[in-house]
Amino acid sequence: MSTGRTLLPAALVALLQIGFLGWMIAGRAAVLRDGREVVLKVEPVDPRDLLRGDYVRLGYEIAQIPVGLVANIPPVPASSGKAPIFVRLAPGADGTWNVTRASFDTPLEPPPASGEVDIRGEVNLRSIAQSDGAVVRPTYGIERFYLPEGEGRRIEQDMRERPFFVKIAVGRDGAAQIKQFLDGDTPLYTEPFY
């Protein structure tokens with residue numbers, strides 16, 4: 001087999017990999033640039049990843065939804081695995097956004113009004129049974145925020161003393177990205193588009 005015949009498939013695989021990475025980066029940047037901004041109050045959980053460095057693991061009030069606000073809940077405990085959930089948010093009096101209602105599997109109808117936004121999450125169905133069916137605990141892919149080396153523990157300690165927030169961007173499909181990490185009203189870190 002000639003060298004040209006072996007290089008062509010390798011070049012095609014390399015192009016596909018580069019194209020896939022570019023598509024992922026461009027999708028994230030599009031949400032950050034064009035997504036609807038939402039402010040959420042956060043709670044600290046833990047600050048270190050051996051491979052990627054310091055981070056804060058974030059909890060949100062929107063991650064504990066009373067079942068009375070959720071439609072189409074799958075049967076429990078017969079259900080297992082994960083299911084998509086669509087959660088409608090609206091701003092509260094304090095400027096942070098709260099859950100108004102949610103639905104498993106299908107987007108909410110009617111579409112969100114001008115002062116609302118729908119965020120897409122995922123629920124481990126066993127968590128419904130573990131909460132005695134009182135709450136649904138979705139994740140949204142915004143539960144970690146990476147920080148410069150050495151900053152994680154200090155910020156985690158500060159988060160236990162005063163309120164911190166994140167400003168997220170939510171795309172039209174409900175995908176969310178953290179846009180800013182705030183100490184009160186002061187932005188500490190802003191995510192670059194690329």
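Arg-120 and Asp-173 form a salt bridge, with their closest N and O atoms 3.8 Å apart; a salt bridge here is a side-chain nitrogen of Lys or Arg within 4 Å of a carboxyl oxygen of Asp or Glu. The pair links distant parts of the chain, with Arg-120 in strand 8 and Asp-173 in the loop between strand 12 and strand 13, 53 residues apart. Strands (E, at least two residues) and helices (H or I, at least four) are DSSP runs, numbered from the N terminus. Arg-120 is partly exposed, at a relative accessible area of 33%, and Asp-173 is partly exposed at 48%. Buried means under 20% relative accessible area, exposed over 50%, and partly exposed in between, with a 1.4 Å probe and protein chains only.

This is a predicted model, in which local features need pLDDT of at least 70 and side-chain atom pairs count only at pLDDT 80 or more, while totals for chains, interfaces and linings use all residues. Residues are numbered from 1 along each chain as its sequence is written, and side-chain values use heavy atoms, with hydrogens and water left out.

Strand 8 also belongs to an open sheet of five strands, in the order 5-7-6-8-10 and with mixed pairing. Strand 5 (70-71) and strand 10 (138-139) are the edge strands, each with a single partner strand, so one side of each has no neighbour in the sheet. Two strands pair if DSSP finds at least two bridges between them. Strand 5 pairs with strand 7 (residues 97-104) in the parallel sense over two bridges, and Val-70 is opposite Ala-102 of strand 7. Strand 6 and strand 8 are antiparallel, joined over eight bridges; Lys-82 has Asn-124 in strand 8 as its bridge partner. At the other edge, strand 8 and strand 10 pair in the antiparallel sense over two bridges, and Glu-122 has Thr-139 in strand 10 as its bridge partner.

The loops around these strands hold some backbone exceptions. Most residues other than glycine have a negative phi, and most peptide bonds are trans. Asn-72, in the loop between strand 5 and strand 6 (82-91), has a positive phi of about 60° although it is not a glycine. Asp-105 has a positive phi near 70° and lies in the loop between strand 7 and strand 8 (117-124). Asn-72 is partly exposed at 48%, and Asp-105 is partly exposed at 46%. The loop that holds Asp-105 also contains Pro-110, and the peptide bond from Glu-109 to Pro-110 is cis, with omega near -5°. Leu-108 is in this loop too, and with 6% relative accessibility it is buried. Leu-108 and Phe-86 are 22 residues apart in sequence, and their C-alpha atoms are 6.7 Å apart in space.

Helix 3 (residues 152-161) has a buried side. Gly-152, Ile-155, Glu-156, Asp-158 and Met-159 are buried, and they cover an arc of only 160° around the axis, which puts them on the same side of helix 3. The arc is that of the directions from the helix axis to the C-beta atoms. An α-helix has 3.6 residues a turn, so residues three or four places apart point the same way. The face turned away from the buried side of helix 3 carries the exposed residues Arg-153, Arg-160 and Glu-161.

Asp-158 leads on to a charged group. Its side chain meets that of Arg-162 in a salt bridge (3.4 Å, N to O); Asp-158 is buried at 13% relative accessibility, whereas Arg-162 is partly exposed at 35%. Glu-151, Arg-154, Asp-158, Arg-162 and Asp-183 are linked in a network of salt bridges. Asp-183 lies in strand 13 (residues 176-183) and is buried, with a relative accessible area of 18%.

A search of the whole structure finds twelve salt bridges. One of them joins Lys-167 and Glu-37, whose closest N and O atoms are 3.7 Å apart. Lys-167 lies in strand 12 (residues 164-170) and Glu-37 in strand 1 (residues 36-44), so the pair ties together parts that are 130 residues apart in sequence.

Helix 1 (residues 3-34) contains Trp-23, which is exposed at 62% relative accessibility. Leu-32, also in helix 1, is buried at 0%. The C-alpha atoms of Leu-32 and Pro-192 are separated by 8.4 Å, although the two residues are 160 apart along the chain.
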